[in-house]
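User: I have a protein model open and would like to learn how to read it. Could you walk me through it step by step?

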Amino acid sequence: MLRQVWVQQYWYDESGQLRWREAKVSRARKSREGTARRRSGTTAADDDAESARVPWSGVEVVSPHDPQARFSHKPGKVEWVGYKDHQTETCDEQRPNLIVHVVTTLAPEQDVGVVNAIHTALVGQRMTPAEHLLDSGYVTPETVHRASTAHGITIVGPVRQDPRAVERPGFAKEDFHVDWRSETVTCPQGTTSPQWKPTMADGKPRLSVLFRRADCRACMVRQQCTGNVDGKGRHLLLLPEPLQQIQTRNRAQQQTPEWKQRYALRAGCEATVSETVHAHGLRHCRYRGLAKTHVQHVLTAAGTNIIRLAQHQPDPGRRPRSRLQELFHTMADG
Ligand code: SF4
C-alpha cells in the first residue's frame, strides 16, 4: 500500500529528480488543501506534463486508514472522502415510505451508473415500480430508454437541458424538425440540411448535422441560431433515434405544470436523505472498506424503516376490522 501511495504521489523526472505530482486541474482535492508544493527548479510547462499529475479520484488512495475510500465533491456544495449511498424508497399513498433498496459505491462513481443495477435488483425482489422518480444525476436518455425496454419502468426525472443553449438563445435543438427516414433536419426557417453523418462523441454514437454554410450566411436570424459571426453553418449533434425522441419529449414535458406536480413527490426522498444523515449519522462511516460501509448503510435504512413503521398511523377508514368488529357488524346486519 505504501508503495502504491508513493507511486501515486511522486515521480522521477527526466533528470532523475524526485518530484511531487501536481493535482488534476479540473478537480479540487481535499487531500492537497493548504499543503505546500515541492518545487525543484523546473518550469511551469513541465508541471503540466500529464505524467506528473496524480491519478483520477477513482483510483487515488487518500487515506491510510481505509485504502478503498475515495475523494469526491459536488461543486459548490460538498466534498468528502469515502463512499456514496443510493437509497430507493416507496412513496405509495396511505402507506409509510420505506427504504427498499440500498447501493453503496465508491464516492467518485457517477449516479447514472447505478440505475440499471437498482432496477435489476428491484425486479429480482418482485418490487418493480411502475414509476421511478429520480433526480437529474440519474437521468439520461439512455437510462430512461433502458429502464423502459428492459424492465418496464418509467423514469420520471429531469433530462439535462442543452448546455450550449445559452450560446444559442435563438433556436434549441428541439426547434428543428428531424426526418429520420431521409436523415435530414429542417430548421425553423424552413431550410433543410444535407444528410447527417454518423460520428462519435465521448465514445458514444451520435449523428452530426451540418447545415450548408451558404444557406446560413444568407439567413436573417443567423446570429441567434448559429451563435457565431464567422459565417459557419449551424451544427447539431443528434442522439440515435429512440434516445433523441426521449430527450426531445422529456425536455418539453418537464417544463409543464403537470410534470412538475408529478415530480414534486420526489421531495420526500430529500427528507429521507436528511433524516438518515442528521438523525442516524449516515455520513459518519463506522466501518472501513466498501463492503462493511454497505452493511452500515443497510442497517441505517432498516432502522429508519422500523421507526417509520412504528410511527405510522393507518387511515382508520382503511384499517381492517378486528374480529370483534366483524362479529358486531355480522350481528347488526343479521
Ligand atoms: S442559421 Fe441556418 S439553420 Fe439557423 S435558422 Fe438560419 S438557415 Fe436555418
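Analyst: Happily; we will look at the ligand, then a sheet, then a pair of helices, then a hairpin. Keep in mind that this is a predicted model.

User: Let's start with the ligand. Which residues are closest to the ligand?

Analyst: A good habit is to list the neighbours, then ask which elements they come from. Here 13 residues surround the ligand, and the closest are Cys187, Cys216, Cys219, Cys225 and Arg234. Two elements give two or more residues to this shell: helix H5 (213–217) and helix H6 (222–226). H6 provides the largest share, three residues.

User: How many residues of the shell are nonpolar, polar and charged?

Analyst: The shell around the ligand has seven nonpolar residues, three polar ones and three charged ones.

User: Now the sheet. What is the order of the strands in the open sheet of three strands?

Analyst: To read a sheet, follow the pairing from one edge to the other. The order is S3-S4-S5, and the pairing is antiparallel. Strand S3 (70–74) and strand S5 (99–106) are the edge strands, as each pairs on one side only. From one strand to the next, the twist averages 50 degrees.

User: How many bridges join S3 to S4?

Analyst: Five bridges connect S3 with strand S4 (residues 78–89). To find the spot on screen, look for Phe71, which stands opposite Val81 in S4.

User: Which helix packs on the sheet?

Analyst: That is helix H10 (residues 290–311), which touches S4 and S5. The direction of H10 makes about 155 degrees with that of S5.

User: And two helices together: at what angle do the axes of H4 and H7 cross?

Analyst: For a helix pair, look at the distance between the axes and at the crossing angle. The axes of helix H4 (residues 141–151) and helix H7 (residues 241–253) come within 9 Å and cross at roughly 105 degrees. Angles of 65 to 115 degrees count as roughly perpendicular, so H4 is roughly perpendicular to H7. On the H4 side, Pro141, Glu142, Val144 and His145 meet residues of H7, including Leu243 and Ile246. The contact of H4 with H7 has five nonpolar, three polar and one charged residues.

User: Last one: which strands form a hairpin with two residues between them?

Analyst: Here you look for paired strands and the turn that links them. S10 and S11 form this hairpin, and Asp202 in the turn has a positive phi of about 50 degrees. Strand S10 (residues 197–201) and strand S11 (residues 204–210) pair in the antiparallel sense over five bridges. Met200 has Pro205 in S11 as its bridge partner. S11 is also joined to strand S12 (residues 235–238), by four bridges and again antiparallel. There, Leu207 has Leu238 in S12 as its bridge partner.

Technical notes
Residues are numbered from 1 along each chain as its sequence is written. This is a predicted model: local features need pLDDT of at least 70, side-chain atom pairs count only at pLDDT 80 or more; totals for chains, interfaces and linings use all residues. A residue is near a molecule or strand if its C-beta atom, placed from the backbone, lies within 6 Å of it. Ala, Val, Leu, Ile, Met, Phe, Trp, Tyr, Cys and Pro count as nonpolar, Asp, Glu, Lys and Arg as charged, and the others, Gly among them, as polar. Two strands pair if DSSP finds at least two bridges between them. Axes are lines fitted to C-alpha atoms, for helices over the stretch in contact, and angles run from 0 to 180 degrees between N-to-C directions. Two residues are in contact if their C-beta atoms, placed from the backbone, lie within 7 Å. Angles under 35 degrees count as roughly parallel, over 145 as roughly antiparallel, 65 to 115 as roughly perpendicular and the rest as oblique.
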